[in-house]
Amino acid sequence: MELSSRPRRNRSLKNLREGIKEVDLNASSFIQPLFVSENTEPIKAMPGVQKYSLDDLKKFCIKTLSKSKICGVLLFASIDKELKTKKGDEALNPEGLLPRAIKIVKEHAPHLVVMSDVALDPFSTDGHDGLVENGKILNDESVDLLCMMSLVHAKAGVDFVAPSDMMDGRVKAIRKTLDKNGFSDTGILSYTAKYASFFYGPFREALDSAPGFGDKKTYQMDFRNKTESLRELRADIFEGADMVMVKPALAYLDIIQSFKKESTVPVVAYNVSAEYSMVKLAAQAGLVNEYDIQFEILSSMKRSGADLIVTYSALEMETHLKKNESI
Ligand code: PBG
């Protein structure tokens, strides 16, 4: 055959393939979510993931995190039922699980970027990200609380607060609160395009944070839409977000790609709980090799334009990638 182009030539040698690869997946782009709670316990819905007591978190920092090359951690609190209230008061407790966890990681794995989830759902009896009144999720009143919550985390030394609530105007309000109180160095990683997704199930089981009534569709985005993600992106950048997040990631690669094109700040993808658990369960059933599949999935997120990836498999994949390097 006379062919002017033979693409296979560029695939012919392993070294060549390595040399010209467009995506170089490595631990420095990973953020590991961590759950803290009163007691250490496994999370059934997410094989291999657990909640850490503060003592065990400290041990984990010393033994594992201090040596890891991942970018950072994203902290979530799983509080006891008795501590949950209508207004999520525990979210503002300076001695609560999250502020204490922030201090522990900053002390024992100081090289890591520490991020914290800012939303009311794990703290409120309603299981919604904002304040609820007569079945409605209040915007502005919720933003006030999220500002106070952000300040509590900033005082504990967090590097980035990560508002995951999707209330309007919260990035601007949080930025103003942080600046006014002397925390102009504390960053904001905004959950910018957070969809009302069915992929959060295992996470909600872990935190016992499923909405008590209704769903989250009046604040999280409709997954049939793309255009409004750009509206959210523009607003968040204008309001002062330091990084913008797309969540979930796997079924939203088109959103990640358009964010990368439009955004002037780094783009973060959240490889969420059901994306993680589906791979784990398929691997347990012997259908796939979990590392191979996860490598491919995370590579697709990078290829789409994610600068950082929040993934429950961050540390596991770091170990796996290291092992493969030495082969
Ligand atoms: C809520 C929050 C959720 C997740 C992160 N922050 C769940 C939700 O919005 O209901 C989901 C993460 C995951 O599924 O891994 N503020």
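Student: Which helix gives the largest share of the lining of the second largest pocket?

Tutor: Helix H7, residues 227–239, with six residues. Keep in mind that we're looking at a predicted model.

Student: What makes a residue count as lining there?

Tutor: A lining residue has an atom within 4 Å of a grid point of the pocket. For the second largest pocket, 15 residues pass. Nearest its centre are Met166, Met167, Asp168, Tyr219 and Glu232. The space comes to about 330 Å³.

Student: How do you know which class the lining residues of the second largest pocket belong to?

Tutor: You go by residue type. Asp and Glu count as charged, so Asp168 and Glu232, both among the residues nearest the centre, go in that class. Met and Tyr count as nonpolar, so Met166, Met167 and Tyr219 go there. Across the whole lining, the tally is five nonpolar, three polar and seven charged.

Student: What stands out in the backbone at Met166?

Tutor: Its phi is positive, about 65 degrees, although Met166 is not a glycine. You'll find Met166 in the loop between strand E8 (160–163) and helix H5 (170–180).

Student: What about the largest pocket: how much space lies in it?

Tutor: About 800 Å³. It has 25 lining residues, and Glu18, Asp24, Leu25, Phe295 and Leu321 are the closest to its centre. Helix H1 (14–20), helix H10 (290–304) and helix H11 (314–325) are the elements giving two or more residues to that lining. By class, the lining divides into 13 charged, six polar and six nonpolar residues.

Student: Why is a cavity called that, and not a pocket?

Tutor: The test is whether a 1.4 Å probe fits but cannot get out; a pocket is an open set of points. Four cavities here reach 30 Å³ or more. The largest has a volume of about 100 Å³, and the space taken by the ligand is that cavity.

Student: What lines the largest cavity?

Tutor: 13 residues, with Asp121, Lys194, Phe203, Lys216 and Lys247 nearest the centre. Strand E9 (187–194) and helix H6 (201–207) each supply at least two of the lining residues. The classes run to seven charged, four nonpolar and two polar.

Student: And which residues are closest to the ligand?

Tutor: Ser164, Arg204, Lys247, Ser273 and Tyr312, out of 18 that surround the ligand. This shell has eight nonpolar, seven charged and three polar residues.

Student: What makes Ser164 and the ligand a polar contact?

Tutor: The cut-off is 3.5 Å between N or O atoms. A polar side-chain atom of Ser164 is 2.7 Å from a ligand nitrogen, so the pair qualifies. Arg204 passes the same way: an N or O atom in its side chain is 2.6 Å from a ligand oxygen, within the 3.5 Å limit. Ser273 also makes it, with a polar side-chain atom 2.7 Å from an oxygen of the ligand.

Student: How much of the ligand does the protein bury?

Tutor: 100% of the 410 Å² that the ligand exposes when taken alone.

Student: One last thing: what is the peptide bond from Lys247 to Pro248 like, cis or trans?

Tutor: Cis, with omega near -10 degrees. Pro248 is in the loop between strand E10 (243–247) and helix H8 (253–262). And you've met Lys247 already: Lys247 is one of the residues closest to the ligand.

Conventions:
Residues numbered from 1 in each chain as written. Predicted model: local features only at pLDDT ≥ 70, side-chain atom pairs only at ≥ 80, totals over all residues. Heavy atoms only, no water. Near = heavy atom within 4 Å. Polar contact = N/O pair within 3.5 Å; in protein donor to acceptor, adjacent residues only side chain to side chain. Areas by Shrake-Rupley, 256 points an atom, 1.4 Å probe, with all protein chains shown as cover. 1 Å grid on protein atoms, 1.4 Å probe; cavity = no way out; pocket = protein on both sides within 12 Å on 5 of 7 lines; lining within 4 Å. Sits in = over half its atoms within 2 Å of the grid points. Points joined across faces, edges and corners; volume = space filled by probe spheres on them. Helix = DSSP H or I, 4+ residues; strand = E, 2+ residues; numbered from the N terminus.
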